[in-house]
Amino acid sequence: MESEKLKKNLLTIIGLIIAALLLSSCEEEISLELPVVQEKLVIDGYIEPNGPALVWVSRSIPFSVASEMVVESDLLIRDALITITDGMVTDTLKQIPGGFIFGGTGLYWNYNLTGQIGQTYELRVEHEGRVATATTTIPQPIALDSIWFQTEPNFSDRGFIRGILTDPDTIGNYYKVFSKAINKDIIIFWKPFGTT
Amino acid sequence: MLSNYLNISNLCLFFIVYYEFFGLSFFPNPNHSIKFGGVLTLHRFTPGNASASSGDVDFNTGVRKKLRSQEIGIYLLDDFEIGNRIRINAGLRYNYFNHIGPYDDFIKDQNNTTIDTVHYKKGKKVADYHRLEPRISLRYAVGLSSSFKAAFTQNYQNVHLASFATVSFPTDTWVPSTARIKPQLSRQYSLGYYRNFKKNTWETSAELYYKNMENLIEYKDGSLVEDNVAENIDNSFTFGSGDSYGIEFLVKKRKGRTTGWVGYTISKTTRSFQELNKGQSFPSRFDRRHDLSVVVTHRVNRKWKISGILVYGTGNSFTIPSSFFTFDGKLVAEAGERNGYRLPEYHRLDVSATLKGKESRRFSSSWTFSIFNLYNRRNPYFISFQEDGDYFSPDLQIKATQVSLFAFLPSVTWNFKFK
């Protein structure tokens, strides 16, 4: 009997020790000494059938800058020279001024040149002596065979969006699914915001 | 405001049953012993799970898939002397590893698209390995109090540790060998010199070692922990090799009122993976250039004993984001050089005093008063990065936060023993 009691007490003591160990952690803000990293040009863009070419140009923020306060000019590039060509027509993209800043990034577009299915486009971005290029081809659109919403029994306010499409027999197809809640999410510049 | 989160439950559950099913010893003569035995090990691994959401959408990350395996080891160990000066310890171990069903294997093409699923029934073999582990050590006595020792050991390990370096919280996953994860091979070569002084009161040694490891695993760049949808855990790993070398010094005082030891190791551990760090070798997370331990115990009188422990080690290496950028409306971190950053060094002093209690015929006890981390060193456990502010304005700051465990901790322990 005695040893049973001792065992029980001992277990309590061990439990308290473990609790004390777990509670004695500490969290503090620190400053790291980091190697200086060169900022890089960040380009994010797309072109869709019958839509204009949209290109976001910004800078990457080295950690040494990000650990201080980031200001708009750390991110934004307002004076990039952007051209797009479909092989026949070459056009320059213009920066959308002021209030149209999305994600702290400068957005450039051109609505004279619209995307055509099967067409190949070349993009060239130049800024402060740095040049970046990219090539893309608009693939044939694939229609959804069917799409439906399936409620989830455990949740009253959510469920699954399911759909079926036929993937053509070519390698390297990727699909990006956008969704939005009606009367809830706002769309800015064709990029669904809130859910990707 | 947009909210994205990825939650990784790091509870990679596993249990191992270890059963020595036979063991025999023979002594042909007083200076010769032979041991023969077998060990059965059963593994059950349940990898951790992840949940993710973006805005109002929850992602289905699939169900946990258990991995079952069994291991049989049979060993023979022979220890004998040649003349007065040479002692040899030689052994051979045969190891059989077997990964068994139930298991679903997803066959992928080069674009990582599932092209076929192979289902294995309960108890059916998925993959197996036969391995041999030889070992030999040779000791040569120079005189009565000094000797040289040379050793070679080959080991296969069927339980692998994968660390997820790009997630700030250190996520360690243990996985068994599978068809894609081959048993980890390590070969260690060592050479040491041992010398005792003052009638074995002092023991000293210096040991040089080199270790080569093959079939090490690491997460592939850009892989997410425990992405379980139509995916096997072993698909997210990449394989490489590692090297470790160093020299260990040890001074030990065994007799007298004050005893203890000082150990110091200088070493270097690197890993090299074709698919990581542009193929260049990088420091292992546990690469520790300097490692020092000092342990001292002093018997004050018949009742009291005091002791102190000092440890010092180079900080672990880890990967930190070198820069951040906005892409697709999100803030993305660009990983810096793999394991290119060092945590501050780890050091700590613990002290304790032990009081011997009254001793009866049936019972003996003692009290230990101790303080862990006496000078309250805040040793870093991990560093995490948090976004502060709103990058859509932008009005953003990335903060580095260090989490330390086990600060100054006094404790009292009562030890007792029934005779």
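# Close-up views of a predicted two-chain model

**View 1. The largest nonpolar core of this predicted model has 28 residues.** The model is predicted, not solved by experiment. Seven residues have the most contacts inside this core: A:Ala53, A:Val55, A:Val57, A:Ile61, A:Ala66, A:Leu93 and A:Tyr108. Several elements of chain A each supply at least two core residues: strand 2 (41–46), strand 3 (52–59), helix 2 (63–66), strand 5 (81–85) and strand 7 (106–114). Chain B joins in with strand 22 and strand 28 (395–404), and each of these also supplies at least two. Strand 3 of chain A gives the most, with five residues. In soluble globular proteins, nonpolar side chains tend to be buried together.

**View 2. A second, separate core has 11 residues.** Find B:Leu67, B:Ala162, B:Val175 and B:Ile217; this core includes them.

**View 3. Strands from chain A and chain B form one open sheet.** The sheet has three strands, in the order 4(A)-22(B)-23(B). The pairing is antiparallel. Which strands stand at the edges? They are strand 4 (61–62) of chain A and strand 23 (330–335) of chain B, and each pairs on one side only. Strand 4 of chain A is joined to strand 22 (residues 321–327) of chain B by two bridges.

**View 4. A:Ile61 has contacts in both chains.** Which residue is the bridge partner of A:Ile61 in strand 22 of chain B? The partner is B:Phe324. Set aside the neighbours of A:Ile61 within four places in sequence. In chain A, this residue is then in contact with A:Glu39, A:Ala66, A:Val70, A:Asp74 and A:Leu75. In chain B, the contacts are B:Ser323, B:Phe324 and B:Phe325. A:Ile61 is also among the residues with the most contacts inside the largest nonpolar core.

**View 5. Seven strands of chain A make an open, antiparallel sheet.** Follow the order 2-3-7-6-5-8-9 across the sheet. Strand 2 and strand 9 (130–137) stand at the edges. Each has a single partner strand, so one side of each is left without a neighbour in the sheet. From one strand to the next, the twist averages 25 degrees. In a regular strand the side chains alternate between the two faces of the sheet. Now look at one edge. Strand 8 (residues 120–127) and strand 9 of chain A pair over eight bridges, in the antiparallel sense. One of the bridge partners in strand 9 is A:Arg130, matched with A:His127.

**View 6. A:Ile96 sits in a loop of chain A.** The loop lies between strand 6 (90–95) and strand 7. Is A:Ile96 buried or partly exposed? A:Ile96 counts as partly exposed, because 15 other C-beta atoms lie within 10 Å. Not counting residues up to four places away in sequence, A:Ile96 touches A:Leu107, A:Tyr108 and A:Trp109. A:Arg78 is 18 residues away in sequence; the C-alpha atoms of A:Ile96 and A:Arg78 are 9.1 Å apart.

**View 7. A hairpin in chain B joins strand 25 to strand 26.** Six residues make the connection. Strand 25 (residues 346–356) and strand 26 (residues 363–372) run antiparallel, joined by six bridges. Here B:Leu355 has B:Trp367 as its bridge partner in strand 26. Strand 26 is also joined to strand 29 (residues 409–418) of chain B. That antiparallel pair has 10 bridges. In strand 29, B:Pro410 is the bridge partner of B:Ile371.

**View 8. B:His43 lies in strand 3 (residues 32–46) of chain B.** Why does B:His43 count as buried? There are 22 other C-beta atoms within 10 Å, and 20 or more make a residue buried. B:Tyr219 is 176 residues away along the chain, and the two C-alpha atoms are separated by 22 Å.

**View 9. Confidence varies along chain A.** The average pLDDT of chain A is 74, and 73% of the residues score at least 70. Over residues 99–104 the pLDDT is below 50. This stretch still has 18 contacts in the model beyond near neighbours in sequence. Residues 188–196 of chain A also stay under 50, with 28 contacts beyond four places in sequence. Where pLDDT is low, the predicted coordinates should not be read in detail.

Notes: Residues numbered from 1 in each chain as written. Chains lettered and ligands numbered in written order. Predicted model: local features only at pLDDT ≥ 70, side-chain atom pairs only at ≥ 80, totals over all residues. Pairing = 2+ DSSP bridges. Helix = DSSP H or I, 4+ residues; strand = E, 2+ residues; numbered from the N terminus. Core = buried A, V, L, I, M, F, W, Y, C linked by C-beta atoms within 7 Å. Buried ≥ 20, exposed ≤ 12 C-beta atoms within 10 Å, placed from the backbone. Contact = placed C-beta atoms within 7 Å. pLDDT = per-residue confidence, 0-100. Axes fitted to C-alpha atoms, helices over the stretch in contact; angles between N-to-C directions.
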